[in-house]
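Reader: I'd love to look closely at one part of this structure rather than skim the whole thing. Could you pick a good piece and walk me through it and its surroundings?

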Amino acid sequence: MFLRLLIFALFFMWATFYTNAVNAALAAFSAAVSVSGLLAKRASRTDCRSEFEETVLLQLSIMPRDKAVDLVYGAVTTRRSAVKTESGVKTGKTFLCPLFSAEPPGADSVAAALCAADGDRVVLLTVNGISASAEKLLGRMEKRVFVKSGREVFTMLKATGVFPEITVRKPPLKKRGLAAFGAAFSRDKTRKYLFASAVLFLGAYMLPYAVYYLIAACACLTAAVISLTGAVRLIGGKKRK
């Protein structure tokens with residue numbers, strides 16, 4: 001992202017000084033690349049599951065069958081009346097059967113759920129969908145069976161406010177405050193800061209508004225030195241002592 005913005009800034013400043021059509025086209029192209037890259041990155045973040053969602057789904061995948069039925073029953077009864085059975089939860093003419101497991105449930109598990117439904121509309125709740133053999137079985141059924149997996153199950157639990165007790169290890173928290181500031185100056189960031197400073201020094205030599213490029217280049221060079229020497233990490237270590 002930083003590199004895209006840097007390229008955009010170079011071409012934009014160039015176009016503002018040289019107003020011919022070629023440079024304007026280069027600036028427009030750079031802007032399009034930068035914006036499309038930023039939008040693509042934001043979309044990928046939106047598609048990614050949240051850490052809490054991942055934790056809940058992992059907990060569901062190791063949950064015993066009776067606990068899973070209790071959880072679904074508790075979620076359903078927040079909205080409507082339901083009856084709990086050994087295999088699932090019946091509400092109206094719909095039978096919800098939790099088939100939570102680490103691997104997609106096979107044809108045997110799906111067949112058992114269909115038998116337990118006793119002719120009602122069937123909704124299978126899974127973590128990772130169903131296996132190919134189970135899909136083949138459902139494809140031969142006259143009655144339509146609905147399969148909810150992953151995010152759909154999490155959305156249902158989130159809407160009702162009913163979640164399982166979390167016993168699995170939670171993902172590490174993101175660094176914040178001084179820790180996040182120190183991570184921005186880790187040793188592996190040295191090469192990026194040096195590259196940015198080199199590009200900005202080149203821009204100061206070739207393009208107008210040289211003073212701004214020089215200031216930015218010096219700032220990046222200073223950041224590279226800090227990252228290389230580990231000054232921020234040393235300060236943070238002394239404070240922890």
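Author: Happy to! One term first: a residue is called buried under 20% relative accessible area, exposed over 50%, and partly exposed in between, with a 1.4 Å probe and only protein chains counted. This is a predicted model, where local features need pLDDT of at least 70 and side-chain atom pairs count only at pLDDT 80 or more, while totals for chains, interfaces and linings use all residues. Residues are numbered from 1 along each chain as its sequence is written, and side-chain values use heavy atoms, leaving out hydrogens and water.

The piece I'd choose is strand E3, residues 94–98. For orientation, the protein chain has 11 helices and 5 strands; these are DSSP runs numbered from the N terminus, helices (H or I) of at least four residues and strands (E) of at least two. Of the 241 residues in the chain, 34% are buried.

In E3, 5 of the 5 residues are buried, so the strand is largely enclosed by the rest of the structure. You can follow this face by face: Thr 94, Leu 96 and Pro 98 are buried on one side, and Phe 95 and Cys 97 are buried on the other. Both faces of E3 are therefore covered, in keeping with how the strand is enclosed.

Now look along the sheet. It is open, has 5 strands and runs in the order E1-E2-E3-E4-E5, which puts E3 between E2 and E4, and its pairing is mixed. Strands count as paired if DSSP finds at least two bridges between them. At the edges are E1 (83–84) and E5 (145–149), each of which pairs on one side only.

The neighbours of E3 show both directions of pairing. On one side, E2 (residues 89–91) runs antiparallel to E3, and 3 bridges join them. Here Lys 90 stands opposite Phe 95 in E3. The two strands form a hairpin with 2 residues between them, where Gly 92 takes a positive phi near 65°. On the other side, E4 (residues 121–126) runs parallel to E3, with 5 bridges between them. In this pairing Pro 98 stands opposite Leu 125 in E4. To get from E3 to E4, the chain goes through helix H5 (residues 107–117), making a right-handed β-α-β crossover. Right-handed here is a matter of viewpoint: with the strands pointing away from you, the path from the first strand over the helix to the second runs clockwise.

Lys 90, the partner of Phe 95 across the pairing, has a second role to notice. Its side chain forms a salt bridge with Asp 120, with the closest N and O atoms 3.3 Å apart; the term covers a side-chain nitrogen of Lys or Arg within 4 Å of a carboxyl oxygen of Asp or Glu. Lys 90 lies in E2 and Asp 120 in the loop between H5 and E4, so the pair ties together parts 30 residues apart in sequence. Asp 120 is buried, at a relative accessible area of 10%, whereas Lys 90 is partly exposed at 35%.

A search of the whole structure finds 3 salt bridges, and another involves an edge of the sheet. Asp 70 and Lys 84 meet through their side chains at 2.8 Å, N to O. Asp 70 belongs to helix H4 and Lys 84 to strand E1, so this pair links parts 14 residues apart in sequence. Both ends are partly exposed: Asp 70 has a relative accessible area of 37%, and Lys 84 has 42%.

The remaining bridge takes us to the helices. Glu 53 pairs with Arg 151, their closest N and O atoms being 3.4 Å apart. Glu 53 sits in helix H3 and Arg 151 in helix H7, so parts 98 residues apart in sequence are tied together. Glu 53 is buried, with a relative accessible area of 5%, while Arg 151 is partly exposed at 36%. Glu 53 has buried company in H3 (residues 51–61), including Thr 55, Val 56, Leu 57 and Leu 60. The buried residues of H3 pack against helix H4 (65–76) and helix H7 (151–160), a contact being heavy atoms within 4.5 Å. H4 is thus a good place to finish, as it packs with H3 and also holds Asp 70, the partner of Lys 84 in E1.
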